[in-house]
Amino acid sequence: MESAQGQAISKDELPDCMFMCSELYIAAFEGRTEEVLIGLQTGGVHTATAARNGRRRPSPGDATPTGTQHGPCCSTREVTADRSTLLHIAAGQGHRDLVTEVGLRDGALLFAANSSLDTPLHCAARSGHAGAIEAIVRLARRDVDDADRRLREELLGRRNRGGDTALHVAARHGHGEAVEALMKLAPELAAGVNGAAVSPLYLAVMSRSVRAVEAILGYRDASAAGPMSQNALHAAVFQSSEMVSLLLRWKPRLATDLDGQKSSPLHFASSDGDCAIIKEILTYAPPSTAYLQDREGHSALHAAALMGNGPAVKLLLQFYPASADIRDNQGRSFLHAAALRGHSSIVSYVIKNRMLENLLNVQDQEGNTALHLAVQAGEYRVVSKLLSSGKMQVHIMNNEGCTPSDQIENSTSFYSMVRLVVMLNVYQAQFRPQRQDHVEKWAGQDLVKWRLATSKNLAIVSTLVATVAFSAAFNVPGSYGSDGKATLNGNRMYNAFLVLDTIAVTTAVVATILLVYGRASSRSHHSWLDFIISMHFLWLSLLSMMLGFFAAIAATSDKNSTLIALVRLIYSGLYVLTLLLTILGSPGTLRGVLRLLFGRKQHLKRRINRQYPFVVIYAFNMLLFVVISNVAIAAVETIGSVSTSSRNHV
C-alpha cells in the first residue's frame, strides 16, 4: 500500500499530469481484474498484455504512447478527465472483485472525490450495484480506527456538488437493492435532504421504485421533503395508488401538508382525476383534508371541477357532501368553477342532484351566478344545460347591474355571440333596464375586416366555379356527332345537365360581381346585403354544378353501370355534408331561430337588433340555407329517380 493509504485524497495529490492510460481505463471498465493488478505491479497494463501475447516488455527509455503522461508503471493515482480514479470506474461498473483489490492496495481511494465531488460510493449507488457498495463499506471499516464515525461522516454521509449523499443518488435512479443496502448501513441518511432541500424518499417516489420507497419507509424519522415545500405524497399521487397507500400507512399526516401554493396532495390528486388515488387519500386522511383551501381559496372539489373530472367530483361529494358549500376567495362554489371552464357534465350532475340545486342561483362576491360566468366565457353547452333545467333565474343582476344577457357583450367570437343571443331569447332572458339610445352595438369582432378578407377568397372560388361550368358546356357528355351536334341531344338527363350547368355559370358570375362590388363599396350599408346575397348565389352555383355532374353521369351510363353506385355514394356524402354544415353553422335549435324571427316579444327583438344587428340576419340566412340545401338534396334524388325510369323506358 502507498503511504497515503487511509487519508482523503485532495486535488493537489492528483496532479493533472497523472491522466489514466487508455489500457488501464479499458481494463478497469471491463472488469479485467488480473490485467489491472499486473499493470499496477509491473510496467503497466500494456506490459501485461504484451507479456501475455509473447511481446517484449517496454523499457523505461521507450517512448510513452500518445495521449498518456505517466511513467513506465501504472499508478492507482491516475485519473480520468473528470478526475475519477480507478476505484470510481470499477464501482460504477459494479466490478466487486476489482473494487476489493484496488481498495486493498490504496485505501485512500475509497474517500477520493472527482470533479463533481462524487466518491466511488456515489458511482456504485448511481449504477445500482449493491455488491460494490458493500465492498466499499467493508474496506472502509477495515481501513479506519473509528469505523462508525468515519463511515458516516466521510463516506456514507459524504455529499457531492449537488448535496446528494449516496442514498440520494440511489433513490433518484430507483435502484431498490442499492437503497436497501445503504439503509441497512446508515438509515439516518433518510432524514437528510440534499442541496435542493429534497429528501431521498421524494426522489424514490419520483423514480417509481416501490422497493426503494419501502426500504426508506423502514426508518421512522425519514424525511418526506420535496421541492417547493411539497412532500413525497404530492409526488406519489401521480405515480400509483400502491405508493400512495404505502406513504399514508407510514405517516397519514402527509395528506394535510401544504406546498408553497397551499395545495394539499388531495388537491393534486383531484386535479389529475384518478379516483383510486383520491379514495385512498380520503380513506386514510383526516376529515379536514377535504376542506383545505389553497392560496386562491380552492378546495380539492374546486380543483376537480376546474379540470372537468366528473367522477372525482362525485367521489369527493360522496365522502364529504358538506364540502359543496366551500367558497373560494371570490365567493365561488365548485359549480361556478365548472361553468366558467365549460364542463357541462359537472353542471348536469349538479342539476340532477337535489342536494346541490341550491348552488344553481348562488351569487359570488361580484354577484355573478353560474349562468353569468358561463355566458361571459361563451360556454354555449353549459348555458344550454342551465337554461333547459328550468331552475335558473335568468333575471338576476350582478353587482354591476348586469343580467346574464348583458354578459353576451363580452363575447369575442361572432358565432358564439349569435348562439348565446338565440339561446337566451328562447328563455325570454331580460336585459338590464337602460335608455336605448345608450345601447352600443356589439364590437367584439371587426366584422368589416372579416367580410373583406372573406369576400376576396370567395371571389376566387366563384371565378373558378364559373370557369369550370363554362368549360363543361363545350365538353358535353357523350361528345359530338359527325354533324357537330351533341350525340345525346334530346336525352332528358342531358337536357337537365345543360340547364344545371347554365344555372351554375350564371349564379357564379353574379356572385363574383357582387363580391367585387361589395369590396369596392366596403363602407356602404348595402355592401353587407351584397355579401349575403353573393353567398347564396355561390352556394347555389356549387349545388348546380354538382347536380349537373350527376345528370351527366346518368345520361351516359346504363342501368348496370358502376357509376350509378358512385352517384348514390356521392349523394349520401352530399347529404351528410349539408347536415354537418347545418349543425355547425346553426345559431341554435329550429325552435330558437323561429322564435327569434317570428316571436311575439317584439321589445326583446328590438333590443337585440339594436345591440346585435347581425343576429337576426344571420338566423334568417341560415334558415334560408337549410331550405336551399334540402331542395338541392331533393333535386338529387329526383334526378336519380328520373334517370332510373328513363333507362327502364329505353
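**Salt bridges and a helix pair in a predicted model**

Colleague: Which residue meets R32 in a salt bridge?

Modeller: The model is predicted. In it, the N-to-O distance for this pair is 3.0 Å. A salt bridge needs the nitrogen within 4 Å of the carboxyl oxygen, so the pair qualifies. The partner of R32 is E35.

Colleague: Is E35 buried or exposed?

Modeller: E35 lies in helix 2, residues 33–41. Its relative accessible area is 9%. Buried means under 20%, so E35 counts as buried.

Colleague: And R32: which accessibility class does R32 fall in?

Modeller: R32 has 30% relative accessibility. The middle class sits between 20% and 50%. R32 therefore counts as partly exposed.

Colleague: Which residues are linked in a network of salt bridges with R32?

Modeller: R32 pairs with E35. The side chains of these two also share a polar contact of 3.0 Å. The network of salt bridges links R32 with E30 and E35.

Colleague: How many residues apart in sequence are the parts that D106 and R77 tie together?

Modeller: The side chains of D106 and R77 meet in a salt bridge, 2.7 Å from N to O. D106 is in the loop between helix 5 (96–105) and helix 6 (120–127), and R77 is in the loop between helix 3 (45–52) and helix 4 (86–93), so the pair ties together parts that are 29 residues apart.

Colleague: Are D106 and R77 buried or exposed?

Modeller: The cut-off for buried is under 20% relative accessible area. Both D106 and R77 are buried.

Colleague: Which parts of the chain does the R96 and E134 pair link?

Modeller: R96 forms a salt bridge with E134, with the closest N and O atoms 3.7 Å apart. The two residues are 38 residues apart. R96 is partly exposed at 35% relative accessibility. E134 is partly exposed too, at 37%. The parts linked are helix 5, holding R96, and helix 7 (residues 130–143), holding E134.

Colleague: How many salt bridges does the count give?

Modeller: The rule is a Lys or Arg side-chain nitrogen within 4 Å of an Asp or Glu carboxyl oxygen. The count comes to twelve.

Colleague: Now the helices. Are helix 15 and helix 16 roughly parallel or antiparallel?

Modeller: Helix 15 (residues 265–272) and helix 16 (residues 275–284) pack at about 155 degrees, with axes 9 Å apart. Angles over 145 count as roughly antiparallel. Helix 15 is therefore roughly antiparallel to helix 16.

Colleague: Which residues of helix 16 make the contact?

Modeller: The crossing of helix 15 and helix 16 is left-handed. Helix 15 contributes P265, L266, A269 and S270. Helix 16 contributes I277, I278, I281 and L282.

How values were computed. Residues are numbered from 1 along each chain as its sequence is written. This is a predicted model: local features need pLDDT of at least 70, side-chain atom pairs count only at pLDDT 80 or more; totals for chains, interfaces and linings use all residues. Side-chain values use heavy atoms; hydrogens and water are left out. Buried means under 20% relative accessible area, exposed over 50%, partly exposed in between (1.4 Å probe, protein chains only). Helices (H or I, at least four residues) and strands (E, at least two) are DSSP runs, numbered from the N terminus. A polar contact is a pair of N or O atoms within 3.5 Å; within protein, one must be able to donate a hydrogen and the other to accept it, and residues adjacent in sequence count only if both atoms are side-chain atoms. Axes are lines fitted to C-alpha atoms, for helices over the stretch in contact, and angles run from 0 to 180 degrees between N-to-C directions. Angles under 35 degrees count as roughly parallel, over 145 as roughly antiparallel, 65 to 115 as roughly perpendicular and the rest as oblique. A crossing is left-handed if the near helix is turned anticlockwise from the far one by less than a right angle, and right-handed if clockwise. Contact means heavy atoms within 4.5 Å.
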